[in-house]
Amino acid sequence: MDRIVELYKNKYKEYALAIMDIEISLHQARVNRIALSKIGAYFNSSQNRNTFARIMVKAYMTEKPYTITEICELLNANRSSVSVMVDECEKEGWITILRNKNKAMCMGTEGLYDQMMKYVYWRKKNSKSIIGDHYKAIDQLESVLKHVGVDIPDMTFGEKETDDDNSIK
């Protein structure tokens with residue numbers, strides 16, 4: 001059993017290295033995408049803008065627009081900076097705003113959706129090739145350890161798993 005536990009720990013470390021590789025690859029792709037288009041440059045220029053794009057595409061896909069207040073909460077950003085993003089993106093045609101009295105509801109456009117789906121395709125291809133096999137190996141080893149009644153080694157380094165996973169990323 002010690003050999004299986006040691007194998008698990010080694011595979012977990014390989015998985016960690018694969019995660020680092022994908023994060024480096026993601027950074028490189030973002031830097032390279034900035035030069036490709038105005039939309040890529042805008043949404044890859046900051047973490048808030050990057051996440052804002054995802055919020056807007058989610059709204060488009062679910063047909064459930066977000067208020068500026070909701071966007072502020074999701075980004076943990078102030079209303080002024082979110083309002084600037086909303087105005088800039090509306091002017092570029094990347095989002096639409098549904099106005100009703102004193103409420104503005106925002107969602108992405110088909111153009112923003114199309115760009116995000118290109119990213120999703122790239123991410124799927126990249127993730128599978130870099131981390132897929134490592135994840136499968138860890139998952140299989142965990143099943144073996146559970147099956148033979150051996151505790152899975154604690155690889156959380158103090159992080160506790162929760163349903164609302166807000167851990168460091």
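Let us start at one small spot: K101 sits in the loop between β2 and β3. The model you are looking at is a predicted one, and K101 is a good place to enter it. The phi angle of K101 is positive, at about 55°, although this residue is not a glycine. Is K101 buried or exposed? With a relative accessibility of 81%, K101 counts as exposed.

A similar story plays out at another loop. N76 is placed between α4 and α5, and N76 too is a non-glycine residue with a positive phi of about 55°. Its relative accessibility is 73%, so N76 counts as exposed. One more positive phi, near 60°, belongs to E63, the residue that follows α3.

Now step back and take in the whole chain. The protein chain contains 6 helices and 3 strands. Following the sequence, these elements come in the pattern α-α-α-β-α-α-β-β-α. What are the overall dimensions of the C-alpha trace along its principal axes? They come to about 65 × 35 × 25 Å. The radius of gyration is 20 Å, whereas a compact globule of 169 residues would have one near 15 Å. Of those 169 residues, 30% are buried. Among contacts between residues at least 6 apart in sequence, 61% join residues at least 24 apart.

With that outline in mind, we can look inside. The largest nonpolar core has 28 residues, and the members that touch the most others are F43, F52, M56, I71, V82 and I95. Several elements supply at least two residues each to this core: α2 (38–43), α3 (47–62), α4 (68–75), α5 (79–92), β2 (95–100), β3 (103–108) and α6. Which of them gives the most? That is α3, with 6 residues.

It is worth pausing on α3. Its 16 residues should span 22 Å at 1.5 Å a residue, and the end C-alpha atoms lie 23 Å apart, which agrees. The buried residues in α3 include N50, F52, A53, I55, M56, V57 and A59. To see how one of these is surrounded, select F52: leaving aside residues up to four places away in sequence, F52 touches F43, I71, L75, M85, V86, C89 and I95.

A second core, separate from the one above, has 9 residues, and V5, Y8, I138 and L141 are among them. Y8 also belongs to an aromatic cluster, which it forms with Y12, Y15 and Y135.

That brings us to the rings. There are 8 aromatic pairs in the structure. In one of them, the ring centres of Y42 and F43 are 5.0 Å apart and the planes stand at 85°, so this pair is edge-to-face. Both partners are tucked away: Y42 counts as buried because its relative accessibility is 10%, and F43 is buried with a relative accessible area of 5%.

Y119 and W122 make another pair, with ring centres 6.0 Å apart and planes at 35°, so the pair is tilted. Why are these two separated by about one helical turn? Y119 and W122 are 3 residues apart in helix α6 (residues 110–147), which accounts for that separation. How much of each is accessible can be read from the values. Y119 counts as buried at 13% relative accessibility, while W122 is partly exposed with a relative accessible area of 22%. The cut-off that matters here is 20%, since a residue under that value is called buried. Y119 has a further partner: R54 lies over the face of its ring, 4.8 Å from the ring centre.

Our last stop is β1, made of residues 66–67, where T67 is found. T67 has a relative accessibility of 13%, so T67 counts as buried. Which residues does T67 touch, not counting those up to four places away in sequence? They are K103, A104 and M105. Strand β3 covers residues 103–108, so you can pick out this strand in the viewer and find T67 from there.

Definitions and conventions:
Residues numbered from 1 in each chain as written. Predicted model: local features only at pLDDT ≥ 70, side-chain atom pairs only at ≥ 80, totals over all residues. Heavy atoms only, no water. Phe/Tyr/Trp six-rings, centres within 6.5 Å; stacked < 30°, edge-to-face > 60°. Buried < 20%, exposed > 50% of the residue type's maximum accessible area, 1.4 Å probe, protein only. Helix = DSSP H or I, 4+ residues; strand = E, 2+ residues; numbered from the N terminus. Lys NZ or Arg CZ within 6 Å of the ring centre and 35° of its normal. Core = buried A, V, L, I, M, F, W, Y, C linked by side-chain atoms within 4.5 Å. Contact = heavy atoms within 4.5 Å. Expected span 1.5 Å × (residues − 1). Rg over C-alpha atoms; globule rule 2.2 N^0.38 Å.
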